[in-house]
Amino acid sequence: MMRRNMKRMMAAALVGVMTASLALTGCGGKDKKKSDSGEKVITVWSWDVALMQLQEAAEEYQKDHPDVKFEFEEMGTDQIYKKLSTSLATGNGIADIISVEGEVLVGYADKFPEGFLDVSDVVETDQFLPSKISEVSYKDKIHAFPWDAGPEGLFYRTDYFEQAEVSPEDIKTWDDLIEAGKKIEAVCKTPSGDPVKMIPVDPKKSTIYSLIRSQLGIGVFDEDGNPIVDDERSIQAMEKAKEIYDSGVALNYNGWDEYEQTVVNESVACIPEAVWMIGTIKDKGPQTEGKWGVMDLPAVEGGEYSCSNGGSDVAINAKTDYPDEVKDFVKFAMTDEALQASGFEKYGLYPSYIPAYENELFQKGDPFFGEENIYNIFIENGKKVAEIPISPNGQEAGDSIGAAVSKILLNGEEVEPVMKDLQKELEAKFK
């Protein structure tokens, strides 16, 4: 959700920059036929910045494929999913190419196993981040091309660290982060005079619990789709989330707008977040240029993985009239190194295509964050994200998990009984 809203914010500033050479029209529901001139028309559903990047890719593709034309329809994610569900159920009115968020894809693949073209023959799995290949793979098929990823790191305010005499090298674990947070709060003030908190936490969402759980290499469901929130690693993750929250170093926030305000108000010293947070920090806190750095996430005992947040994929309608042409275009769009670098630079779409990291853009870093190349952290962490099974029931389980987090963080209930009850609830719901 955070990443989706960040994209919409970027789109407001970027819309209109694409050339008019590509038709931007409503394309859902019409038959795809060759035009009188023999051109093949490929239709696309996508949202804001993702759509603009696909338009850019289409312009490049048409230089060598003048007989292929594109029609783009811009929609928000909710609109896409509503139309996609109807279209897959009826088999009519679906675009050739559809952008789908990574966490949502498996739900469609489960409900409509023949809805998307199997692209196993054109996706070179060793060229993409393993966690993204896991995301698009379901029941022996690859249902979409991996696109942007969200490897995480710990953004931190170098000036606050210096004021409190805290060194980034001293923060190896979440316990270290708590102790550093206490020092920073005792010394540092925001521009408005309030004490600086260490990290932002929404106590009604599973964000910090999910992050630590991912570091332990476990999800909400196992490979067979069974809930495992009462697993000892899941309980350990929730215990650590509670410990961080109860320590007092967290700043409460509610929703995306308040999350952005932690940057605007300079009210936190650290933000554990995905690479796309770069864009939000630069947009909302231009006055903080030169005051940010990025380091690795604090470790949790027994954790050997990194984690990610957000990302999307590109699916192909299994009934497209032009399967070869569509697959060829999507492969081009997802594996052209220059296009992938451009997508990140212009729109914040961090590629999951590993060879793209050799592009000069990723080698020089971002001067807003100082002389050190901050991308190195994300490149390495992207390779260390666990291949956690994604269940088609994951989205529906989210509300129940959020309610459990609220009981623990806001009401002070004990972790293990709440997680045991959550396990029973999910088992009953998804048996």
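A residue counts as buried here when its relative accessible area is under 20%. Keep that cut-off in mind as we walk through this predicted model, starting with strand β4, which covers residues 97-101. Five of the five residues in β4 fall on the buried side of the line, so the strand is largely enclosed by the rest of the structure. You can check this face by face: Ile97, Ser99 and Glu101 sit on one side, Ile98 and Val100 on the other, and all of them are buried.

What does β4 pair with? Strand β2, residues 40-46, runs parallel to β4, and two bridges connect them. If you want a place to look, find Trp45, which stands opposite Ile98 of β4. Then there is β13, residues 312-316, which runs antiparallel to β4 and is joined to it by five bridges. Here the residue to pick out is Asp313, the bridge partner of Val100.

Asp313 also takes us on to the charged groups. Together with Lys132 and Glu135, Asp313 belongs to a network of salt bridges. Glu135 lies in helix α5, residues 130-136. Is Glu135 buried or exposed? With a relative accessibility of 12%, Glu135 counts as buried. Setting aside neighbours within four places in sequence, Glu135 touches Gly102, Leu105, Asp313 and Ile390.

That network is part of a bigger tally, since the structure holds 25 salt bridges. The general idea is familiar: side chains of opposite charge can pair when their charged atoms come close. One of these pairs is Glu56 with Lys346, whose closest N and O atoms are 3.1 Å apart. This pair links distant parts of the chain, with Glu56 in helix α2 (residues 48-62) and Lys346 in helix α13 (residues 337-347), 290 residues apart. The two ends sit in unlike surroundings: Glu56 is buried at 11% relative accessibility, whereas Lys346 is partly exposed at 42%.

Another pair to look at is Asp121 with Lys327, where the closest N and O atoms are 2.8 Å apart. Asp121 is in the loop between α4 (102-111) and α5, and Lys327 is in helix α12 (residues 323-335), so the salt bridge ties together parts that are 206 residues apart in sequence. Here the acid is the one facing out: Asp121 counts as exposed at 55% relative accessibility, while Lys327 is buried at 13%.

For a pair within a single helix, go to α17. There the side chains of Lys429 and Glu425 meet in a salt bridge, at 4.0 Å from N to O. The two are four residues apart in α17, so about one helical turn separates them. An α-helix has 3.6 residues a turn, so residues three or four places apart point the same way. Both ends of this salt bridge are partly exposed, Lys429 at 38% and Glu425 at 37%.

Helix α16, residues 394-409, makes a handy geometry check. At 1.5 Å a residue, its 16 residues should span 22 Å, and the end C-alpha atoms are indeed 22 Å apart, so the two agree. Among the buried residues of α16 are Ala397, Ile401, Val405 and Leu409. What do the buried residues of α16 pack against? Their partners are β9 (199-201), α8 (207-215), α9 (232-246) and α17 (415-429).

Between α16 and α17 there is a loop, and Glu413 lies in it. Glu413 is partly exposed, with a relative accessible area of 36%. Leaving out neighbours within four places in sequence, Glu413 makes contact with Lys242, Lys407, Ile408 and Val418. Of these, Ile408 is one of the buried residues of α16. For a sense of scale, Glu413 and Val263 are 150 residues apart in sequence and 31 Å apart in space, C-alpha to C-alpha.

Finally, the cysteines. How many disulfides does the structure hold? The count is zero. Cys270 is in no disulfide, and the nearest cysteine sulfur, in Cys188, is 11 Å away. Why is Cys307 unbonded? The closest cysteine sulfur to that of Cys307 is in Cys270, 14 Å away, which is too far for a bond. Both residues are nonetheless buried, Cys270 at 0% relative accessibility and Cys307 at 1%.

Conventions
Residues numbered from 1 in each chain as written. Predicted model: local features only at pLDDT ≥ 70, side-chain atom pairs only at ≥ 80, totals over all residues. Heavy atoms only, no water. Buried < 20%, exposed > 50% of the residue type's maximum accessible area, 1.4 Å probe, protein only. Pairing = 2+ DSSP bridges. Expected span 1.5 Å × (residues − 1). Contact = heavy atoms within 4.5 Å. Disulfide = S-S within 2.5 Å.
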